[in-house]
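Here are my notes from going through your model. They are in numbered points, so you can follow along with the coordinates open.

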Amino acid sequence: MLLNCDMGESYGPWEKGADAAVMPLIDWANIACGAHAGDPDTMARTLSLAAEYDVKAGAHPGYPDRRNFGRLRLDWPVGSLVLEVQAQIGALQAVATALGITLHHVKPHGALYLAMMSDDALLKRLAEGVAAVDDSLAFVLQATPDRERHAALLAHTGLEFVFEAFADRGYAADGRLRSRSIEGAVLTDPDAVATHVGRLLEGFVETPEGRLAVAAETLCVHGDNPVAQAALRRIRELIPRAA
């Protein structure tokens with residue numbers, strides 16, 4: 001099981017997350033593209049850090065809404081939203097190319113990610129938009145009970161799909177994430193994260209209505225979680241990094 005983390009979410013002198021401490025512990029870095037967070041300097045710094053630790057770098061596009069950190073769904077025409085995502089990928093791709101780094105994947109951020117996972121038409125258009133930019137990029141989406149249906153829906157894009165589970169989030173009975181407004185939806189105790197990950201490694205999560213099967217290839221820890229570093233160290237006790 002590979003570990004991914006949302007990173008590069010600082011802006012100018014304002015720092016968010018502990019990228020330097022977290023990077024050695026993960027396999028994939030999802031790097032903000034300057035819309036919900038990040039800027040060119042932060043992109044370059046995070047990309048270079050990923051290269052230093054042999055971590056695959058990917059684009060983490062989201063709604064261009066710094067005030068709400070991309071966690072509020074915006075009512076945009078789908079065509080314009082696809083163009084926005086393509087522009088964000090292109091921005092990170094340009095910085096990566098200048099540094100001699102090849103992007104590996106795309107994982108939408110926050111409210112955009114949740115929106116696409118609840119709207120097949122949006123999911124299809126976003127995947128097609130990513131493929132139009134670079135069909136060698138892997139596309140990350142949530143592992144839910146609809147996994148096989150989603151894979152079939154997007155097969156025509158030619159993208160590689162990677163399904164993820166969340167190491168530090170609580171799950172609803174339908175396999176989606178519980179709202180951050182619900183107490184306990186974000187796991188901020190490293191021991192609780194380790195217990196949750198142990199269940200995921202066995203192929204299930206606990207929901208308010210009982211166990212739910214989850215089949216994933218990668219686990220996400222949010223970089224802005226205050227216990228991200230401690231949680232990742234606990235996870236690495238369960239999932240050693242490949243040599």
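1. Let me start with one ion pair. R176 forms a salt bridge with D174, and their closest N and O atoms are 4.0 Å apart. Keep in mind that this is a predicted model. As for exposure, R176 counts as partly exposed at 22% relative accessibility, and D174 is also partly exposed, at 44%.

2. That pair belongs to something bigger. D120, D146, R149, D174 and R176 are linked in a network of salt bridges. One of the links is between the side chains of R149 and D146, with an N to O distance of 3.5 Å. R149 has a relative accessible area of 39%, so it is partly exposed. D146, at 25%, counts as partly exposed too.

3. There is another pair in this stretch of sequence: the side chains of E148 and R147 meet in a salt bridge at 3.7 Å, N to O. Buried or exposed, where do the two partners sit? E148 is exposed, with a relative accessible area of 58%, whereas R147 is buried, at 19%. Since the cut-off for buried is under 20%, I would read that label for R147 alongside its value of 19%. Over the whole structure, the count of salt bridges is 15.

4. Now the fold. 7 strands close into a barrel, and going round it the order is β1-β2-β3-β4-β5-β6-β9, with parallel pairing. In general, strands of a sheet pair through backbone hydrogen bonds, and they can do so either parallel or antiparallel. For one pairing to look at in detail, take β3 (residues 56-60) and β4 (residues 105-106): they run parallel and are joined by 2 bridges. Across that pairing, A59 stands opposite V106 in β4.

5. On top of this part of the barrel you will find helix α3 (residues 78-98). Helix α3 lies across β2 (28-32), β3 and β4, and runs at about 145° to β3.

6. Have a look at N4, which lies in strand β1 (residues 2-7). What does N4 touch, leaving aside its neighbours within four places in sequence? The contacts are W28, N30, K107, E164, T218, L219, C220 and V221. With a relative accessible area of 2%, N4 is buried.

7. Cysteines next. How many disulfides are there? The count comes to 0. The sulfur of C5 has its closest cysteine sulfur in C220, and at 6.5 Å that is too far for a bond; the cut-off for a disulfide is 2.5 Å. From the other side, C220 is in no disulfide either, and its nearest cysteine sulfur is that of C5, 6.5 Å away. Both residues are tucked out of reach of the probe by the numbers: C5 counts as buried at 1% relative accessibility, and C220 counts as buried at 0%.

8. Helix α4 (residues 110-117) deserves a point to itself. Why is α4 described as largely enclosed by the rest of the structure? Because 6 of its 8 residues are buried. The buried ones are A111, L112, Y113, A115, M116 and M117. Their cover includes α3, α5, β5 (138-142), α6 (147-154) and β6 (160-166).

9. One piece of that cover can be followed residue by residue. Helix α4 packs with helix α5 (residues 120-133) at an angle of about 115°, and their axes are 6 Å apart. From α4, the residues L112, A115 and M116 meet L122, L123 and L126 in α5. By class, this contact has 6 nonpolar residues, with no polar and no charged ones. L112, A115 and M116 are also among the buried residues of α4.

10. Last, a backbone point to check on your plot. D54 has a phi near 55°, which is a positive value in a residue other than glycine. Where is D54? D54 lies in the loop between α2 (40-52) and β3. D54 is exposed, with a relative accessible area of 67%.

Definitions and conventions: Residues numbered from 1 in each chain as written. Predicted model: local features only at pLDDT ≥ 70, side-chain atom pairs only at ≥ 80, totals over all residues. Heavy atoms only, no water. Helix = DSSP H or I, 4+ residues; strand = E, 2+ residues; numbered from the N terminus. Buried < 20%, exposed > 50% of the residue type's maximum accessible area, 1.4 Å probe, protein only. Contact = heavy atoms within 4.5 Å. Pairing = 2+ DSSP bridges. Axes fitted to C-alpha atoms, helices over the stretch in contact; angles between N-to-C directions. Nonpolar A, V, L, I, M, F, W, Y, C, P; charged D, E, K, R; others polar.
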